[in-house]
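This briefing gathers computed features of one protein model for a reader who wants to relate its enclosed spaces to its helices and backbone. Please look at the structure first and then read the points grouped by topic.

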Amino acid sequence: MRGWRAATEEALYGPRGFYRRPEGPAGHFRTSVHASPLFAGAVARLLRLVDDALARPAELAFVDLGAGRGELVTAVLQALPAEVAARARGYAVERAARPAGLDHRIAWLAEPPAGVTGLLFANEWLDNVPVDVVEVDARGVPRLVIVDAAGTESLGEPVEGADARWLEKWWPLGPTTDDALPVEGLRAEIGLPRDTAWASAVAGLGRGLAVAVDYGHSAGARPPFGTLTGFREGRETAPVPDGSCDITAHVALDACALPGGRLLSQREALRALGVSGGRPPLSLASTDPAAYVRALAGAGEAAELTALGGLGDFAWLTQPIGIPDPLPDHRPDQLRKRSPKTERPST
């Protein structure tokens, strides 16, 4: 038996890991990328805002971190106007093998490129950076949760060192009163590997904007029993580290944020980028019925991407490097505790 971090690493990325399977993530859950082409269009508009802030460099990078099968980077490059597309360079960062038929202009990498200028976009990447799980025992001591290949758990050694310091700062499992012990059974996920992974990815960006999009929680509203779960064929399932399912946990994005970083909801971010779920005017139905039907379909897709209680509750962490944050300032929506992924099965 071993901790969830080591078990998840092998289950997701080992030789027979879940993310190396031919169907890719889209075969098991539906992300914003798969929900509507409006999402890629919004990201392309964000790339153009970054391009403007960079004074239109000779090479404009779009780095798709956790690229799946290259769906987002392909769609973003296709959505760019000709002048920007001529300078754009796509980078897909993924551990799986390069998919057949991917545009030859897109570089397929196992690690983010270093020193590029442009937009680094990590859509539902951090939630699959493996983390360890801890649980408070009967004596009030947080202990590492260990697990076997069948998903059976038990408690291991007490949490110490850097992991204990991370918990104390970002997800304390201490007593609710001064004279009480921590409550037995409380759980947390140690987000330190995600903080490190994000900092490393951002450090590779010479100038531009880094964005992490994920479902998560903030200090003061951590889920008391953790969020570790699995997904298989579009449905939530028990997390079993045998390569048969996705294993994921919500992200403490406030802990990941570097100086200058900003959190806002996907609902706010997409609205700032022109994605709105408003219905088209009814008058259009009489003057141009076909256009009305197209606009109505687009409004439905936009509503799904920005829905409260759904994809709109995803958080965006924006991290500008050498430029002002190009997204307008908005008041952040409260992060939801429930994973929108559970409500958007694949079709």
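**Enclosed spaces**

The second largest cavity of this predicted model is lined by Val131, Trp166, Trp171, Glu189, Ile190, Gly191, Arg194, His250 and Ala252. About 40 Å³ of space lies within the second largest cavity, and its lining divides by class into 5 nonpolar, 2 polar and 2 charged residues.

- A search of the whole structure for cavities of 30 Å³ or more returns 2 of them, and the largest cavity holds about 50 Å³ of space.
- The residues that line the largest cavity are Thr8, Asp127, Asn128, Val129, Pro130, Val131, Arg194, Leu228, Ile247, Thr248 and Ala249, and by class they comprise 6 nonpolar, 3 polar and 2 charged residues.
- Val131 and Arg194 appear in the linings of both the largest and the second largest cavity, and Arg194 is in addition one of the buried residues of helix H7.

**The second largest pocket**

- The second largest pocket has a volume of about 170 Å³, and the elements that contribute two or more residues to its lining are helix H4 (71-79) and strand S3 (88-93).
- Its lining consists of Thr74, Leu77, Gln78, Ala85, Ala88, Arg89, Gly90, Asp103, Arg105 and Ile106, which divide into 4 nonpolar, 3 polar and 3 charged residues.

**Helix H7**

- Helix H7 covers residues 192-203, 12 residues in total, and reaches 17 Å from its first C-alpha to its last, which is close to the 16 Å expected at 1.5 Å a residue.
- The buried residues of H7 are Pro193, Arg194, Asp195, Ala197, Trp198, Ala201 and Val202.
- Ala199 also lies in helix H7, but it counts as partly exposed because its relative accessibility is 29%, a value that falls between the cut-offs of 20% and 50%.
- Although Ala199 and Ala257 are separated by 58 residues in sequence, their C-alpha atoms are 8.4 Å apart in space.

**Helix H3 and two positive phi values**

- The 17 residues of H3 should span 24 Å at 1.5 Å a residue, and the helix agrees with this expectation because its end C-alpha atoms are 25 Å apart.
- Within H3, the residues Phe39, Ala40, Gly41, Ala42, Val43, Ala44, Leu46, Leu47, Val50 and Asp51 are buried.
- Ala55 follows H3 and has a positive phi near 60°; Ala55 is found in the loop between helix H3 (37-53) and strand S2 (60-65), and it counts as exposed because its relative accessibility is 59%.
- Glu124, in the loop between strand S5 (116-123) and strand S6 (133-136), likewise has a positive phi, of about 50°, although it is not a glycine.
- Glu124 is buried, since its relative accessible area is 8%, under the 20% cut-off that defines a buried residue.

**The protein as a whole**

- The protein contains 11 helices and 15 strands, and buried residues make up 52% of its 347 residues.
- Among the contacts with a separation of 6 or more, 74% are accounted for by residues 24 or more positions apart.
- The protein exposes about 15400 Å², of which carbon and sulfur atoms supply 53%.

Definitions and conventions
Residues numbered from 1 in each chain as written. Predicted model: local features only at pLDDT ≥ 70, side-chain atom pairs only at ≥ 80, totals over all residues. Heavy atoms only, no water. Helix = DSSP H or I, 4+ residues; strand = E, 2+ residues; numbered from the N terminus. Expected span 1.5 Å × (residues − 1). Buried < 20%, exposed > 50% of the residue type's maximum accessible area, 1.4 Å probe, protein only. Contact = heavy atoms within 4.5 Å. Areas by Shrake-Rupley, 256 points an atom, 1.4 Å probe, with all protein chains shown as cover. 1 Å grid on protein atoms, 1.4 Å probe; cavity = no way out; pocket = protein on both sides within 12 Å on 5 of 7 lines; lining within 4 Å. Points joined across faces, edges and corners; volume = space filled by probe spheres on them. Nonpolar A, V, L, I, M, F, W, Y, C, P; charged D, E, K, R; others polar.
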